Amino acid sequence: MAADGYDIHSIERKWQDRWAADGTYEVGNDDPRPPFYVLCMYPYPSGPAHMGHVRNYTFGDLIVRHRTMQGYGVLSPIGFDSFGLPAENAAIKTGVHPRVFTEARMEELKSSLKAIGASYDWRREIRSHDPSYIKWNQVIFTRFLERGLAYRANAPVNWCPGCQTVLANEQVLADGTCERSGDVVAKRDLEQWFFRITDYADELLHDLDALEWPERVKTMQRNWIGRSEGAEFDLAVDGNPDLRITVFTTRPDTSFGMTYAVLAPEHPLVPQLTTAENRETVEAFVERVGKESDIERLSTEGALEKRGVFTGTHVINPFTNQPVPVYLADYVLMGYGTGAIMAVPAEDQRDWDFATAYDLPIVRTVQPPPDWEGEAYTGDGPRINSEWLNGITDTATAKAKAIEWLEQQGIGARKVNYRLRDWLLSRQRFWGCPIPVVYCPTDGMVPVPEDQLPVLAPDDVEFRPTGESPLKSHEGFLHTTCPACGGPAQRETDTMDTFVDSSWYFLRFCDPWSDDQPFSLEAAARWMPVDQYIGGVEHAILHLMYARFYTKALADIGLAPPDVHEPFKRLFTQGMIRLDGAKMSKSKGNLVAPEEIVDQYGADALRLAHLFVGPPADDVDWETVAIEGTYRFVKRVWRLAVPDSDVPKADGEAAIEVTRATHRLINRISDDFDRWSYNTAVAACMEFVNLLMKEGTTDEAVDTLLLLMAPMAPHVTAELWERRHGTHVHEQLWPEADPDLAALQTVTMIVQVNGKVRDRIDVDPGLGEEEATALALASPRVQELLGGGQPTKVVARPPKLVNLVV
């Protein structure tokens, strides 16, 4: 579609080809300009771009172009998170190899990204499934293994029957289903590979404070790490004091009120603690709970009398020296704390409900206020029924005294616990990075030497409808020789969680050409941390936490610069796009193809529509995206700025006002860009175009408009600038406002009497309170209302408001 001489498609293709041929947004590691690293989360290649991609990458592209015009050498790389389950599931259904499927989808997505004018240094492109990336993934794994950061252990895991693989806790939704397939997740005991992320729990928590991230994202990470301070102590089994249960509590000061103890059904001491007369009931309970997800077990719904069972055993409460019964309950998980808790029903509502269901004693240890009408009381108050703690009102003091007593008795100590668990990275799938170890009858588990990496999955595999990984049955892959003794050995058939791939790709972007190390330390030190990272809030826990762990761990083992402790300095999480109230997604079948919009209106109009629709962090209903309005705006800019424009020139007072408005616009757009207020920036440009159409143009005004719009609408501004000046707008410097010209000559001051507007006066923006009050009192309308008298009070807020109270 042409817009009054503006042939949208030929001009947009022209500039996209020009940027690629000239390497406009390619940057070297020795670039003399100050560095600035902008990165949008690299995409999974599921096919052509959707509107979520367009929105995300338009924001990133704007920043790249803006910072380049500000004089920075901007690193703007792109790549593809190309391993993943969808490609393998497609192979199971269609027989097309995941590599073929994925690379076809990548080409579709690359074409879409180029069509919207996204500016990348394509020389640095990374693909997770490339052998070079697999090699360094595996090298990092073996280095982690050497340092004890990777290990293998038998553990209860989340098993998805639909995906036929293990899931991390974070990949199980709140309803107990798999985030990808929707199948109900079950528990299984399997030997799995883990990364020791818990070693970094304190560092991950502490370093959040210095990050320029949305507070809600930092809160989500803090909650997931879940640091809690308290005490860990032993409960001796009644009649068998050599057998002890270790419990953790954040409130040791309430221990006098412990009237029962609870173990997780999978606790290793359950068989020893279960008496003969209770064994059948206990075993049936353990079997039933083993089929439930953690989410189901932690639910507050359901009858509590069906959620616990008595073992027949008692333990001694060391604070009272009295026996208390030991129960199993589904809501206690082995993966958190010690897998055993002391229950104080008077100070915990779930314990209260459980005690009520099983007719167990309830003893208050904190006195509720006189008007308390609830059940469990969790607030502050004087200690009661607590012997040597009685009367203490300060919780911290009471906790410290209780811990001191435990330590003196030699049965407990101060303890810090975390909700964070080690990262389970094993996946029983084909389309992922192979884990580089072999199992030898003589030497046991042996890592593959670095000079034999990468270990690559074979192409000649059969994908079965069951979803089982074909690596398990591929004789050529499975059977190998031991690197240690040369004897027969078997390869590990598990592959790595795809979050491993995305946990360090931003570092590889710094030096993707390196063939003797994952990336050079010098290049990483130059660019890292990423100055601006952009992506969806759905990655607030998984990807961002793992990337932070990887960055810290790589620095500790010497593979990353020692002073780079965080991957992303600033984070922006954009809102999602909805259609008919539902999030746009391929799985929901409600995508709007950007190609259709670009074909009809052009990339610049689509970009401006995404910028204009509302604040970038807000969710957006596609129905509110005014693409036709931004298309008309592009046509108006074209008409205004072409060298043979029919819009008249401004002169006299009009030219002076246009000049002043031009410099005010520079300040406004610069400020809006810094505040991510792109919608108001587009609105300001629209208002300015209206002014020029009304008052006439000046060369400075039009050129400034093109410079300010260049990051937002790069094609039309590049074409117009070239026609006007013969040079490239994206190689110009960002304009700076003259403060004298940008200053408002007058502002309108509101004069109120008793809160009602009585006059408006044009005043100097710099006037003080006395001048403002004098002008207000001199107003004829105010004089009439005062009737010769004086106000009882004056509230002056110059230069905008004076309120006279009569």
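## A buried ring pair

Phe59 and Tyr678 are both buried in this predicted model. Their ring centres are 5.8 Å apart and the planes meet at 35°, so the pair is tilted. The two partners come from distant parts of the chain: Phe59 belongs to helix H2 (residues 51–69) and Tyr678 to helix H22 (residues 678–695), with their positions 619 residues apart in the numbering. Across the whole structure, a search finds 52 aromatic pairs.

## An edge-to-face pair and its cluster

Let's turn to another ring pair. Phe144 and Phe195 have ring centres 5.3 Å apart, and because their planes stand at 85°, the pair is edge-to-face. Here a helix meets a strand: Phe144 sits in H5 (residues 131–146) and Phe195 in E9 (residues 186–195), 51 residues apart. Phe144 has a relative accessible area of 0%, so this residue is buried. Phe195 is likewise buried, with a value of 0%.

Both rings also take part in a wider arrangement, a cluster in which ring pairs link Phe141, Phe144, Trp193, Phe195, Tyr200, Trp423, Phe499, Tyr546, Phe549 and Tyr550.

## Helix H17

Helix H17 covers residues 542–556, and the cluster just described includes Tyr546, Phe549 and Tyr550. The helix has 15 residues and spans 21 Å from first C-alpha to last, close to the 21 Å expected at 1.5 Å a residue. Most of H17 is covered, with 14 of its 15 residues buried. After the helix comes Gly558, which has a positive phi near 90°.

## Charges over rings

Two tryptophans have a charged side chain over the ring. Lys114 lies over the face of Trp122, 5.0 Å from the ring centre. In the other case, the charged end of Arg526 is placed over the ring of Trp527, at 4.9 Å from its centre.

## Salt bridges with partly exposed partners

Side chains of opposite charge can pair when their charged atoms come close. The count for this model comes to 44 salt bridges. One of them joins Glu26 and Arg123, at 3.6 Å from N to O. Both partners are in loops: Glu26 between helix H1 (8–22) and strand E3 (35–40), Arg123 between helix H4 (98–115) and strand E6 (126–127), 97 residues apart. Glu26 has a relative accessible area of 31% and is therefore partly exposed, and Arg123, at 39%, counts as partly exposed too.

Arg152 and Glu191 form another salt bridge, at 3.1 Å from N to O. Arg152 is in strand E7 (residues 150–160) and Glu191 in strand E9, so this contact ties together parts 39 residues apart in sequence. The accessibility of Arg152 is 32%, which means partly exposed; Glu191, at 41%, is also partly exposed.

## A buried salt bridge and a network

Are the partners in the salt bridge of Arg383 and Asp253 buried or exposed? Arg383 is buried, with a relative accessible area of 2%, and Asp253 is buried as well, at 0%. Their side chains meet at 2.7 Å, N to O. This pair also links loops from distant parts of the chain: Arg383 lies between helix H11 (349–357) and helix H12 (395–409), while Asp253 lies between strand E11 (240–249) and strand E12 (260–263), 130 residues apart.

Finally, salt bridges can be followed through a network that links Lys14, Arg18, Glu719, Glu722 and Arg723.

Technical notes:
Residues numbered from 1 in each chain as written. Predicted model: local features only at pLDDT ≥ 70, side-chain atom pairs only at ≥ 80, totals over all residues. Heavy atoms only, no water. Phe/Tyr/Trp six-rings, centres within 6.5 Å; stacked < 30°, edge-to-face > 60°. Helix = DSSP H or I, 4+ residues; strand = E, 2+ residues; numbered from the N terminus. Buried < 20%, exposed > 50% of the residue type's maximum accessible area, 1.4 Å probe, protein only. Lys NZ or Arg CZ within 6 Å of the ring centre and 35° of its normal. Expected span 1.5 Å × (residues − 1). Salt bridge = Lys/Arg side-chain N within 4 Å of Asp/Glu carboxyl O.
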